[in-house]
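Student: Got a minute to go through a model with me? I'd like to talk about side chains and backbone oddities.
Tutor: Sure, put it up and ask away.

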Amino acid sequence: MSRKGLFISLEGIDGCGKSSLKTELEEFLQPYSPVSIREPGSTVISEQIRQLLLDCRNDNIGDRTEAMLYASARCQLVDEIIQPSLSSGRLILADRYIDSTIAYQGYGRGLKLDFLYNLNQLCTGGIEPDLTLLLDLDPLVALDRRADGRPDRLEQEGLEFQTRVREGYLQIAQTNPARVKVIDASQPQVLVKTMAIEYINELMQRHNWSE
Ligand code: TYD
């Protein structure tokens, strides 16, 4: 029996613990050979766009240009990896997707949400995750967690920016309660992982993916 592909995305502000969770989920999902991707990136073209976007020397990228560059990176990723993987029934685990654009470029930068939804509709053809795990964390705590790394262009934006991004994410979760599940990322990592796995198990059961 051929299975419908499944698409899971991870979201949250910088320093929320998304990368650690992703590594743990990759391990948990190993029996399903997940297609693991990150945004922006994961194709040759998208990784080159990523370098442009995160380079601190590019401090004069306009807000709309920024949004369109993220959209271009996503467009290539959808065409090369996401769409074909879903068509062949694979499970995708994505580090960020459209919600990042709504939260960062919409709530963070203040671009119109309609413009961003239209742009993303164009570049994704309407493909949405089946489940989005949102790691919610106080930006001050997140800042503390990433204090030892060199900040990229977006991470340099400061606390007020990250606070707006967090509020944006919570708004997205409120509007899409069936898809977006909020996990309190201030909990011990093991509890964050347990909750994430519970949501994934529930999704898999609903889609007849359970072994
Ligand atoms: P990355 O180093 O991958 O951050 P993280 O490990 O926190 O995911 O950098 C991605 C950065 O790009 C991050 O600050 C969020 C930002 N971003 C946007 O502003 N808009 C988007 O559409 C996407 C996908 C990411």
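Student: How many aromatic pairs does the count come to?
Tutor: The count comes to 4 aromatic pairs. The rule is that rings of Phe, Tyr and Trp (its six-membered ring) pair if their centres lie within 6.5 Å; planes under 30 degrees apart count as stacked, over 60 as edge-to-face and the rest as tilted. One of the pairs is Tyr-104 with Phe-161, whose ring centres are 6.0 Å apart with the planes at 55 degrees, so this pair is tilted.

Student: Hang on, what kind of model is this, and how are residues numbered?
Tutor: This is a predicted model, where local features need pLDDT of at least 70 and side-chain atom pairs count only at pLDDT 80 or more, while totals for chains, interfaces and linings use all residues. Residues are numbered from 1 along each chain as its sequence is written, and side-chain values use heavy atoms, with hydrogens and water left out.

Student: OK, back to the rings. Which helices do Tyr-104 and Phe-161 lie in?
Tutor: Tyr-104 lies in helix α4 and Phe-161 in helix α7 (residues 159–175), so their pair ties together parts 57 residues apart in sequence. Helices (H or I, at least four residues) and strands (E, at least two) are DSSP runs, numbered from the N terminus.

Student: And which kind of pair do Tyr-104 and Tyr-169 form?
Tutor: Tyr-104 and Tyr-169 form an edge-to-face pair, 6.4 Å centre to centre with 85 degrees between the planes. Tyr-169 lies in helix α7 and Tyr-104 in α4, so that pair ties together parts 65 residues apart in sequence. Ring pairs link Tyr-104, Phe-161 and Tyr-169 into a cluster.

Student: Is Tyr-104 buried or exposed?
Tutor: Tyr-104 is buried, at 5% relative accessibility. Buried means under 20% relative accessible area, exposed over 50%, partly exposed in between (1.4 Å probe, protein chains only). Phe-161 is buried with a relative accessible area of 3%, and Tyr-169 is buried with 3%.

Student: What lies over the face of Tyr-97?
Tutor: Arg-74 does, at 5.6 Å from the ring centre. A charge sits over a ring if NZ of Lys or CZ of Arg is within 6 Å of the ring centre and within 35 degrees of the ring normal.

Student: Switching topic: how many disulfides does the structure hold?
Tutor: It holds 0 disulfides, a disulfide being a pair of cysteine sulfur atoms within 2.5 Å.

Student: Why no bond for Cys-75?
Tutor: Because the closest cysteine sulfur, in Cys-123, is 5.3 Å from the sulfur of Cys-75, too far for a bond. Cys-75 is partly exposed at 27% relative accessibility, whereas Cys-123 is buried at 7%.

Student: Now the backbone. Where is the cis peptide bond?
Tutor: The cis peptide bond joins Glu-39 and Pro-40, with omega about -10 degrees. Pro-40 is in the loop between β2 (35–38) and α2 (44–54).

Student: What about phi of Ser-42?
Tutor: Phi of Ser-42 is near 80 degrees, a positive value in a residue other than glycine. Most residues other than glycine have a negative phi. Ser-42 is also in the loop between β2 and α2, and is partly exposed at 25% relative accessibility.

Student: And where is Arg-96 found?
Tutor: Arg-96 is found in the loop between β3 (91–95) and α4 (98–108). Arg-96 has a positive phi of about 80 degrees and is buried, with a relative accessible area of 12%.
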